[in-house]
Amino acid sequence: NSNRDIDKEQSLQEIFYGAPGTGKSNTIKREVDDKGLPCERTTFHPDSDYSTFVGAYKPTTVEEPVMTVIGTKATPVENPDGTPRIENKIVYEFVPQAFLKAYTGAWKNQSQPFYLIIEEINRGNCAQIFGDLFQLLDRNDDTGCSDYPISPDEDIQKFLLTNKKYGFAELTDEQKKAIPDEVQKGKLMILPENLHIWATMNTSDQSLFPIDSAFKRRWDWQYMPITDGKKGWKIEANGKRYDWWQFLEKMNEQINTSTNSEDKKMGYFFCKAKDGIIDAKTFVGKVVFYVWNDVFKDFANEAGGLFIDEDGSLLSFSKFYTVGEDGKAVVIEEKVVQLLGNLGVEAESETIDVEETENERMTDNN
C-alpha cells in the first residue's frame, strides 16, 4: 500500500542552498521538528566517511561477571557479601550511524514520513561518504522506492537481521507484511517511500570536495533567497541604532559590486539579535570579521570606500578594538559608526537612554 499521499507535496531528496543566514536549517526545522516528525541528523565535515554515516564496528564497554576455573568448570566469582563480582570489558559491536537509524526507522513506521537531515552536505566527500548507497538515490517516480537495490556487506546484513533496537530482529506481524522479506533479512537495501533525505548547503563555503554532476542530479534543489526577515532587528553602536535589514541591503550590494559573487552575501539570520538588538561586540566579532577576512580579503581598500577611516587611512579590522584595563579586547564603537556611515546606513535614533533601553528589553521579555 502506498503512503505517498502523506507527503506527496514534499521532495524525497532535496538540498536547500543559499548564502549563510538565509534560513535553510530553520526551514527544515519548521517542516520537520515543529511538526514532531521523526528524524535523524548528521553533519558532514572533511573527516566524514562511510563508517561515520552508515555504521561500523567500534569498541564498547560492557559489564560481565568475573569468572574463574575450578577443575574443568567456569565458576562466577563472588564478593565477600555473596554478590557476583562484575568487571568492565571492552568488546567490539556494530554501531549504527544516522543513515542506518533513519533507514530502519522509516521501514518500521511507514505510516508517516521519516527524515534523514544532513547539515553542510558540501563540506564532506559525498562520493566517499555515500559509497554504494549512491545507487539507492535513484527513486521511482510512482512508488518513491529505490529503483536499484544494493546488497550490503555481511556486517550490515548481520546487524539488520539481529539488532533489536535498530534492526529488524523484532517486528510486529503488521510490520512484517509491509517490509519485503529480503529487506528484513538484510540481503537487499531499498529506500522506502516514506524516507526523505534533506540537506543544507552554504554556497559561500569553499568546499574541499566539490559535488559531482551525477550526485547532483539525484536531488531536487531549493534556492533560499536573501529576504527581509521582518524581525525589525537593530544594530546598536555608540548610542545609536541602525536598521539591520538596511545594512544588509547596502552591504550585499557592495559585496556584489566588489566581488561579483552572490555566494559571499549575508542572509537575514547571519547574525542573531538578542531582544531585537545586535550589539557592537557581536556585530564586529561576527559581521565585520566575516566581511574583512572572507569577503574583501586583500582588496579591502578597493571596496568602494567601505574600509576608509575618518583620517583617510585604511580602516583595518584591528582598528575596531582597543585593550581594556583587564587586558581584554574592547570594541571601539565609533569605528562601527564610521563603517556604517561609509556604507550609507543612516542612524534611526541619535541618542539612546541606557536606562530606557533596559526597561524596553525587560518589557519585551515579559
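Me: Two strands pair if DSSP finds at least two bridges between them, while helices (H or I, at least four residues) and strands (E, at least two) are DSSP runs numbered from the N terminus. In what order do the strands of the open sheet stand?

Reply: This is a predicted model, in which local features need pLDDT of at least 70 and side-chain atom pairs count only at pLDDT 80 or more, whereas totals for chains, interfaces and linings use all residues. Residues are numbered from 1 along each chain as its sequence is written, and side-chain values use heavy atoms, with hydrogens and water left out. The edge strands, which pair on one side only, are β2 (39–43) and β9 (220–223). Five strands with parallel pairing therefore read, from edge to edge, β2-β7-β8-β1-β9.

Me: Which residue of β9 stands opposite Y17?

Reply: Strand β1 covers residues 13–18 and pairs with β9 in the parallel sense over four bridges. Opposite Y17 in β9 stands Y223.

Me: What angle does the direction of helix α1 make with that of β8?

Reply: Helix α1 (residues 24–31) packs on the sheet, touching β1, β2, β7 (114–119) and β8 (195–202), where contact means heavy atoms within 4.5 Å. Axes are lines fitted to C-alpha atoms, for helices over the stretch in contact, and angles run from 0 to 180 degrees between N-to-C directions. For α1 and β8 the angle is about 160°.

Me: Why are the buried residues of α1 on the same side?

Reply: K24, T27 and I28 are buried in α1, that is, under 20% relative accessible area, against over 50% for exposed and in between for partly exposed (1.4 Å probe, protein chains only). The arc is that of the directions from the helix axis to the C-beta atoms. These residues lie on the same side of α1 because they cover an arc of only 95°.
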